[in-house]
Structures are given as C-alpha cells and as structure tokens.
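Me: I have a protein model open and do not know how to read it. Could you take me through it one feature at a time?

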Amino acid sequence: MWIKKDEIRAAGVDVDALPVVDIVGSPRCSVQGCGARGAENHHWAPREAFGADADLWPTDYLCVPHHDRWHETMTTAVTTAVNNNPRSKS
Ligand SMILES: [Zn+2]
Ligand SMILES: [Zn+2]
C-alpha cells in the first residue's frame, strides 16, 4: 500500500517524523544480522492456531527466506514432537 505524503499530512501526521522504513515502504527483516528489505509481516501466533486472538500477539517483519525457515522449522518440530509422543499414536 502506498499513501501519498499529502494525504498523510492531511491526516495530521508529521511525515518527517515517521521512521524511514515506512516512507520507503519496504520493511526490513527483524532477524539479527539480516535486515533484508522486502520483509513480510509474521504473526508469532498463527491465525490458523489462535483464531481471532492472533491479533493480540506481537508481529515482526521477516524476509522471505527467514519467514519460510521459521514456518518450516516449526512445522518440522511440531510434527516430530507429535510423532514422538506415545499418546498421539492410537
Ligand atoms: Zn509467518
Ligand atoms: Zn531475514
């Protein structure tokens, strides 16, 4: 989404006080040592699992490789944990 500076000013916002990242419109990855631009908004509480409560949890920007890695790693970890839990085998 791109908002013209004039529209932001009309809404009473001091454009020059905004963080640079908002003006450029390309958020940076929050992973230490990365900071790649074009990051995606990541919900720490996925909507599929938390439903409407997902919006109560924090979000962060992650670049595509880090975002993919988080979801792949967590999916693998959860799957492994379930498979190793004897109670889940019926
Ligand atoms: Zn995500
Ligand atoms: Zn990254």
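Reply: We will go through confidence, layout, burial and then a few residues. Keep in mind that this is a predicted model.

Me: Where is confidence lowest in the protein, and where is it highest?

Reply: Begin with the average, then look at the parts. The mean pLDDT of the protein is 83, and 76% of its residues reach 70 or more. Helix α2 (residues 20-24) has the lowest confidence, with a mean of 50. Strand β2 (residues 59-62) has the highest, at 96.

Me: How many helices and strands are there, and in what order do they run?

Reply: Count the elements, then read them along the chain. The protein has four helices and two strands. Starting at the N terminus, the order is α-α-β-α-β-α.

Me: What span does α4 have, against what is expected?

Reply: A helix can be checked by its end-to-end distance. From first C-alpha to last, the 21 residues of α4 reach 30 Å, close to the 30 Å expected at 1.5 Å a residue.

Me: How many residues of α4 are buried?

Reply: Burial is read by counting neighbours around each residue. In α4 the count of buried residues is zero, so the helix is hardly covered. For the protein, 6% of the 90 residues count as buried.

Me: Which residues make up the largest nonpolar core?

Reply: Look for buried nonpolar residues that are joined to one another. The largest such core has five residues: Cys 29, Ala 39, Tyr 61, Leu 62 and Cys 63.

Me: What does Leu 62 touch?

Reply: Set aside residues up to four places away in sequence. Leu 62 then touches Cys 29, Ser 30, Val 31, Ala 39, Glu 40, His 42, His 67 and Trp 70. Cys 29 and Ala 39 are also members of the core.

Me: Why does Trp 70 count as partly exposed?

Reply: The neighbour count decides. Trp 70, in helix α4, has 15 C-beta neighbours inside 10 Å and therefore counts as partly exposed. Beyond four places in sequence, its contacts are His 42 and Leu 62. The C-alpha atoms of Trp 70 and His 42 are 9.6 Å apart, with their positions 28 residues apart along the chain.

Me: Is Val 64 buried or exposed?

Reply: Use the neighbour count again. Val 64 also lies in helix α4 (residues 64-84), and it counts as exposed because it has 12 C-beta neighbours inside 10 Å. Its C-alpha atom is separated by 9.6 Å from that of Arg 37, 27 residues apart along the chain.

Me: What share of contacts joins residues at least 24 apart?

Reply: Sequence separation shows how far along the chain contacts reach. Among contacts between residues at least 6 apart in sequence, 33% join residues at least 24 apart.

Key: Residues are numbered from 1 along each chain as its sequence is written. Chains are lettered from A and ligands numbered from 1 in the order in which they are written. This is a predicted model: local features need pLDDT of at least 70, side-chain atom pairs count only at pLDDT 80 or more; totals for chains, interfaces and linings use all residues. A residue is buried if 20 or more other C-beta atoms lie within 10 Å of its own, exposed if 12 or fewer, and partly exposed in between; C-beta atoms are placed from the backbone. Two residues are in contact if their C-beta atoms, placed from the backbone, lie within 7 Å. A nonpolar core is a set of buried Ala, Val, Leu, Ile, Met, Phe, Trp, Tyr and Cys residues joined through C-beta atoms within 7 Å. The expected span of a helix is 1.5 Å times one less than its number of residues. pLDDT is the predictor's confidence in each residue, from 0 to 100.
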